[in-house]
Amino acid sequence: MLDTLKLFADDIATLCVPGETPLAVGGVMYHGGAERAVGQVDPRWRSVRFDGVGLSSARAELAVERMVGGETLRSFPGSDAEAAKRAVEASDNPALLVTDRRVAVVRVAPSPVLHWAVPRERVLHVAHRRHWLWQGRLEVAFVDGSSVRLVAGALLARRATRLARAWAGGR
């Protein structure tokens with residue numbers, strides 16, 4: 001497996017501030033699933049409607065959404081998770097960069113770009129959270145109560161475990 005951190009060391013160094021040490025970097029994507037606002041219950045859990053074809057339950061639709069995609073975002077306007085999700089979606093080749101000082105969404109190739117970053121103090125954890133469809137799914141949880149789940153590998157969990165270990169070891 002290619003070590004992106006070594007392969008693109010010079011480019012990654014341009015994304016870091018002086019004295020900052022990159023610990024791991026890996027490509028990620030956001031695959032939508034169940035998204036919910038922090039502190040709010042999704043109103044679909046209470047709704048049943050007649051949709052012209054028959055009785056339809058938004059509750060059942062939400063359950064299927066959660067089963068297939070899982071919960072992928074807990075956020076509120078201005079939350080760190082919302083900002084991270086937007087940065088991943090805006091990048092044409094997003095990667096998560098974990099350093100001894102920050103967690104960032106970057107583009108490494110073809111040219112390095114820093115899309116978004118927060119100091120480690122604002123991040124509760126970066127953890128590998130398998131999902132039956134996404135073996136390499138990561139949860140990035142923030143002290144503001146928000147969290148986003150990113151896919152770092154569909155079939156293989158190596159990249160996700162490497163990023164989670166870098167977070168845990170860099171404390």
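This short presentation describes the fold, the sheet and selected side-chain pairs of a predicted protein model.

Good morning, colleagues. I begin with the chain as a whole. The protein chain has 171 residues, of which 44% count as buried. Its secondary structure comprises 5 helices and 11 strands. Considering contacts between residues at least 6 apart in sequence, 55% join residues at least 24 apart. The chain exposes about 9000 Å², and 57% of that area is supplied by carbon and sulfur atoms.

I turn now to the sheet. Five strands form an open sheet in the order 2-5-11-10-9, and the pairing is mixed. Which strands stand at the edges? They are strand 2, residues 34-37, and strand 9, residues 123-128. Each has a single partner strand, so one side of each is left without a neighbour in the sheet. From one strand to the next, the twist averages 20°.

Within this sheet, strand 10, residues 137-142, pairs with strand 11, residues 147-151. The pairing is antiparallel and extends over 5 bridges. As one example, Arg137 has Val151 in strand 11 as its bridge partner.

Two helices deserve mention here. Helix 4, residues 80-90, lies across strand 2, strand 5, strand 10 and strand 11. Relative to strand 5, which covers residues 71-75, helix 4 runs at about 125°. Helix 5, residues 158-169, also packs on the sheet, where it touches strand 9 and strand 10. The direction of helix 5 makes about 150° with that of strand 9.

Next, the charged side chains. How many salt bridges does a search of the whole structure find? The search finds 7, and I shall discuss several of them.

One of them joins Arg102 and Glu20, with the closest N and O atoms 2.8 Å apart. Arg102 belongs to strand 7, residues 102-107, whereas Glu20 sits in the loop between helix 2 and strand 1; the pair therefore ties together parts that are 82 residues apart in sequence. Are these two residues buried or exposed? Both Arg102 and Glu20 are buried.

A further salt bridge connects Asp80 with Arg122, and here the closest N and O atoms are 2.4 Å apart. Asp80 is in helix 4 and Arg122 in the loop between strand 8 and strand 9, so this pair ties together parts that are 42 residues apart in sequence. The two partners differ in burial: Asp80 counts as buried because its relative accessibility is 7%, while Arg122, with a relative accessible area of 36%, is partly exposed.

Helix 4 also holds a salt bridge between Glu82 and Arg86, whose closest N and O atoms are 3.8 Å apart. These residues are 4 apart in the helix, which means that about one helical turn separates them. Arg86 is partly exposed, at a relative accessible area of 47%. Elsewhere, salt bridges that share partners join Arg129, Glu139 and Arg149 into one network.

Finally, I come to the aromatic side chains. The count comes to 1 aromatic pair. The ring centres of Trp116 and Phe142 are 6.0 Å apart and the ring planes stand at 85°, so the pair is edge-to-face. Trp116 is in strand 8 and Phe142 in strand 10; with their positions 26 residues apart, the pair links distant parts of the chain. Both Trp116 and Phe142 are buried.

That concludes my presentation; I thank you for your attention.

Terms used:
Residues numbered from 1 in each chain as written. Predicted model: local features only at pLDDT ≥ 70, side-chain atom pairs only at ≥ 80, totals over all residues. Heavy atoms only, no water. Buried < 20%, exposed > 50% of the residue type's maximum accessible area, 1.4 Å probe, protein only. Contact = heavy atoms within 4.5 Å. Areas by Shrake-Rupley, 256 points an atom, 1.4 Å probe, with all protein chains shown as cover. Pairing = 2+ DSSP bridges. Axes fitted to C-alpha atoms, helices over the stretch in contact; angles between N-to-C directions. Salt bridge = Lys/Arg side-chain N within 4 Å of Asp/Glu carboxyl O. Phe/Tyr/Trp six-rings, centres within 6.5 Å; stacked < 30°, edge-to-face > 60°.
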